[in-house]
Amino acid sequence: MSHLRHVLSASQFDRPFLDRIYRLTNKIRQFDKSKEGLMYLQSLLPHRRAMLYFTQPSTRTFLSFQSACHILGIKNSEIRDTATSSEVKGESIEDSLRTFSSYVDLIIMRSPVRGLCDRVAAMLDTSDRPVPIINAGSGPDEHPTQALLDIYTLQRSFKDFGGIEGKSICMVGDLKRGRTIRSLSRLLTLYPGAKLIFASPEAFRIEDDLRTFLKSSMIEFVETVNFRDAIAHSDAIYMTRIQDEYDVCAGESSKVDSSQYCLKSNQLKEMKPNAVIMHPLPRRTELDPAIDKDPRAKYWRQERNGMWTRVALMTTLLGVDEKILLPEL
Ligand code: CP
């Protein structure tokens, strides 16, 4: 992979890149164990500034990126609502982003607009301030940094069980509009022998472009409406909520019967003993809170992994990754 300028899509990542990011992540977590280690991390980028431009709601992606900035000593600014920026006066998104680039060294952005990150990255690349862009969620399209933390969580969960290779990963729920599904599926093609099971109502099946990509990558995958039958065969169950914010008309999602795409505590006995349960969160009723106590539930760890993998990603983009990989602890 050539040098990473922006992070726009999971399809930019190859296996050597992932392996390196996860080595970095593990090393960063080691640094976190001591005050000296944390102070070392904070000394790496105190001269850098980041913009968090999140015009679509977020809790964990926003906070984990903000915390990652704090860990590295990066100062951050934020806009979370266009009603408080000059966009409300009619400024274009492109001009707004170009303005941020005048003040910061990195832009982390979430937007409901599919493809906006790519447009902004292309525009900045021809400007005199070509600062890196990180896609923190682009409409129903991609969430590449979520996929990074998802793979890290899977890898750690299967560390003593032969790794991700050869495992069956069942993704459940709104697979049509769930951007985490799209990015994670792409990365799983990098793990030989991994098999994907897509369990969803007919109306929320994966999109054609993802299906075409998976066929071309030779990964084994099946699509089913029968989640119940998939439970016993899965090594990982990745639950997702219905993404009704993308409904074209009011109440569209509620017309689809999604009641069979929930995981209840009474179904835990059907799962393999070493299987894992994941969810990008936030959840609604598709994942029973009573499951939180089961050792196979990894979603709280998964969201915390988001902070560490995002620290690793930012050190790579901003060129201080070697300063983490090299020193002995
Ligand atoms: N997983 C995820 O993107 O969560 P938030 O919407 O809370 O950031």
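The following paragraphs describe a predicted model, moving from its domains to its two sheets and then to the packing of its helices.

The domain assignment divides the protein into domain 1, which covers 10–142 + 304–325, and domain 2, which covers 144–302. Taken over C-alpha atoms, the centres of domain 1 and domain 2 are separated by 25 Å, and the contact between them involves 30 residues of domain 1 and 28 residues of domain 2.

One sheet is open and consists of four strands in the order 2-1-3-4, with parallel pairing. Strands of a sheet pair through backbone hydrogen bonds, either parallel or antiparallel. At the edges of the four-stranded sheet stand strand 2 (75–79) and strand 4 (133–138), and each of these has a single partner strand, so that one side of each is left without a neighbour in the sheet. From one strand to the next, the twist averages 15°. Within this arrangement, strand 1, spanning residues 49–54, is paired with strand 2 in the parallel sense over five bridges, and Ala 50 is found opposite Asn 76 of strand 2.

Helix 4 (residues 93–103) lies across strand 1, strand 2 and strand 3 (106–111), and its direction runs at about 160° to that of strand 1. Helix 4 also packs with helix 5 (residues 116–125), where the angle is about 55° and the axes are 10 Å apart; the two helices are therefore oblique to each other. In this crossing, which is right-handed, helix 4 passes helix 5. On the side of helix 4 the contact is made by Ile 93, Glu 94, Leu 97, Arg 98 and Ser 101, while helix 5 contributes Leu 116, Arg 119, Val 120, Met 123 and Leu 124. By residue class, the contact of helix 4 with helix 5 divides into six nonpolar, one polar and three charged residues.

The other sheet is an open one of five strands, ordered 7-6-5-8-9, and its pairing is parallel. Its edge strands are strand 7 (220–224) and strand 9 (276–278), each of which pairs on one side only. Neighbouring strands of this five-stranded sheet are turned against each other by 15° on average, with direction ignored. Strand 6 (residues 195–199) and strand 7 run parallel and are joined by five bridges, and here Phe 198 has Glu 223 in strand 7 as its bridge partner. Helix 8, made of residues 208–217, packs on the sheet and touches strand 6 and strand 7, with a direction that makes about 150° with that of strand 7.

How do helix 6 and helix 10 cross, and at roughly what angle? The axes of helix 6 (residues 144–157) and helix 10 (residues 299–317) come within 8 Å and cross at roughly 115°, and the two helices are therefore roughly perpendicular to each other. Helix 6 passes helix 10 in a crossing that is right-handed. In the contact, Thr 145, Gln 146, Leu 148, Leu 149, Asp 150, Tyr 152 and Thr 153 of helix 6 meet Gln 302, Asn 305, Gly 306, Thr 309, Arg 310 and Leu 313 of helix 10. The residues of this contact of helix 6 with helix 10 fall into four nonpolar, seven polar and two charged.

Definitions and conventions. Residues are numbered from 1 along each chain as its sequence is written. This is a predicted model: local features need pLDDT of at least 70, side-chain atom pairs count only at pLDDT 80 or more; totals for chains, interfaces and linings use all residues. Side-chain values use heavy atoms; hydrogens and water are left out. Axes are lines fitted to C-alpha atoms, for helices over the stretch in contact, and angles run from 0 to 180 degrees between N-to-C directions. Angles under 35 degrees count as roughly parallel, over 145 as roughly antiparallel, 65 to 115 as roughly perpendicular and the rest as oblique. A crossing is left-handed if the near helix is turned anticlockwise from the far one by less than a right angle, and right-handed if clockwise. Contact means heavy atoms within 4.5 Å. Ala, Val, Leu, Ile, Met, Phe, Trp, Tyr, Cys and Pro count as nonpolar, Asp, Glu, Lys and Arg as charged, and the others, Gly among them, as polar. Two strands pair if DSSP finds at least two bridges between them. Domain bounds come from an automatic or database domain assignment.
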